[in-house]
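I opened this notebook page to look up how the sheet is ordered, what lies across it, and which aromatic rings pair with one another. My entries follow in the order in which I checked them.

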Amino acid sequence: MTLAWVLGARGLLGSALCRALSLRGVRPFAPSEKFQWTNESSLRSQIESAVREFSAHASQANHWEIYWAAGVGTMGSSEEALGPETRALAWLLELIQSDTRLVAMPGKLVFSSSAGAIYAACSDEVITERSLPAPNSAYGREKLSQEDLLRSFCAANPAMTVLLARISTLYGAGQATGKPQGLLTHVARSIVRNKPVKIYVPIDTIRDYIAVDDAAMELISVLDELNSSRGLSVKIIASERPVTIAEIISIFKRVAKKSPKITTGISGSSKLFSRRVQFRSIVPSGPRRRKFRSLTVGIAQLLGAERCAHANPRRQSNSG
């Protein structure tokens, strides 16, 4: 039996990971106390208590998995704002390493980060795992610093399996309303509410969008393939089907049978986003590559979810 802990389980990726793990029959773990991410002094003691709880539950399992899908930062976040997240990850790794039960068991750690942020200034026409990271923001640099923490942890614990999952642009139902990100969600909500949506990048900008449930299933599938291996692996998780913002608007128009109200502008973080992003993974995902849903199908599903959420706003606020 596998015991799995998803940090950030209420977020877009974290909730998708929980759904995917449930389908696999994995035993979930949730700390008894909700983490106060904005209060560092409380957070440290909460992480310490949670690791003790997790270790106690692990005694009844064959092996354990921890998925880091937490974080409130965005491309526009400052280094100071991102620091607490990095320190929280460092505390978690220190506590795992000092727990004799967890260290003695077969364990896997997954760290999810933004491929777009890590490779933001990369000049490669097609970005693969061989491309050199080239962040151009505090957010991207902090993600690399966090990956370095995992590298050091793995070097000190060679029996562990560590996966650094660099994920392209995620979309899906339930994305937070407060974050200045999630173009597809913002366009879907603008159509449902008949309001304009502002786009801060040129419409010929190329992105790689992947449905969050597809990304979660692929991430877990990749981890399964590492069953017999130890050490650290890096994997780009992307649809590998680049699309322009103009094409996205066209899909929304076709699916919704109405044109979204688009306005354009420039923000302080616009310069941080590359005009062209195309990913291709050269790291095997297993014997057969997973087939991801098309963007047309994904947008139709997203629109349907946003219509339901708009009709039942209380349910949407409770799902936060």
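Before looking at the helices, I noted that contact here means heavy atoms within 4.5 Å, and that the angles run from 0 to 180 degrees between N-to-C directions, with axes fitted to C-alpha atoms. I also kept in mind that this is a predicted model.

Entry on the helices. With those terms in hand, I looked up helix 2, residues 40-58, and found that it lies across strand 1 (2-7), strand 2 and strand 3 (63-68), running at about 160° to strand 1. I then turned to helix 3, residues 79-97, which lies across strand 1, strand 3 and strand 4, and whose direction is at about 170° to strand 3.

Entry on the sheet. I next asked in what order the six strands of the open sheet are arranged. The order is 2-1-3-4-5-10, and the pairing is parallel. At the edges I found strand 2 (27-29) and strand 10 (231-237), each of which pairs on one side only. From one strand to the next, the twist averages 20°.

Entry on one strand pair. I followed strand 4 (residues 107-114) alongside strand 5 (residues 161-167), and found that the two run parallel and are joined by seven bridges. To place myself in this pair I picked S112, whose bridge partner in strand 5 is A165.

Entry on the aromatic rings. I counted pairs by taking ring centres within 6.5 Å, and by this rule the count comes to eight aromatic pairs. One of them joins W5 and F29 edge-to-face, at 5.2 Å centre to centre with 80° between the planes. Because W5 lies in strand 1 and F29 in strand 2, this pair ties together parts that are 24 residues apart in sequence. I checked the exposure of these two residues as well, and both W5 and F29 are buried.

I then looked at W37 and W68, which also form an edge-to-face pair, with 5.9 Å centre to centre and 90° between the planes. W37 lies in the loop between strand 2 and helix 2, and W68 in strand 3, so the pair ties together parts that are 31 residues apart in sequence. Is W37 buried or exposed? With a relative accessible area of 29%, W37 is partly exposed, whereas W68, with 3%, is buried.

Last, I traced the ring pairs onward, and noted that they link W5, F29, F35, W37, F54, W64 and W68 into a cluster.

Notes
Residues are numbered from 1 along each chain as its sequence is written. This is a predicted model: local features need pLDDT of at least 70, side-chain atom pairs count only at pLDDT 80 or more; totals for chains, interfaces and linings use all residues. Side-chain values use heavy atoms; hydrogens and water are left out. Two strands pair if DSSP finds at least two bridges between them. Helices (H or I, at least four residues) and strands (E, at least two) are DSSP runs, numbered from the N terminus. Rings of Phe, Tyr and Trp (its six-membered ring) pair if their centres lie within 6.5 Å; planes under 30 degrees apart count as stacked, over 60 as edge-to-face and the rest as tilted. Buried means under 20% relative accessible area, exposed over 50%, partly exposed in between (1.4 Å probe, protein chains only).
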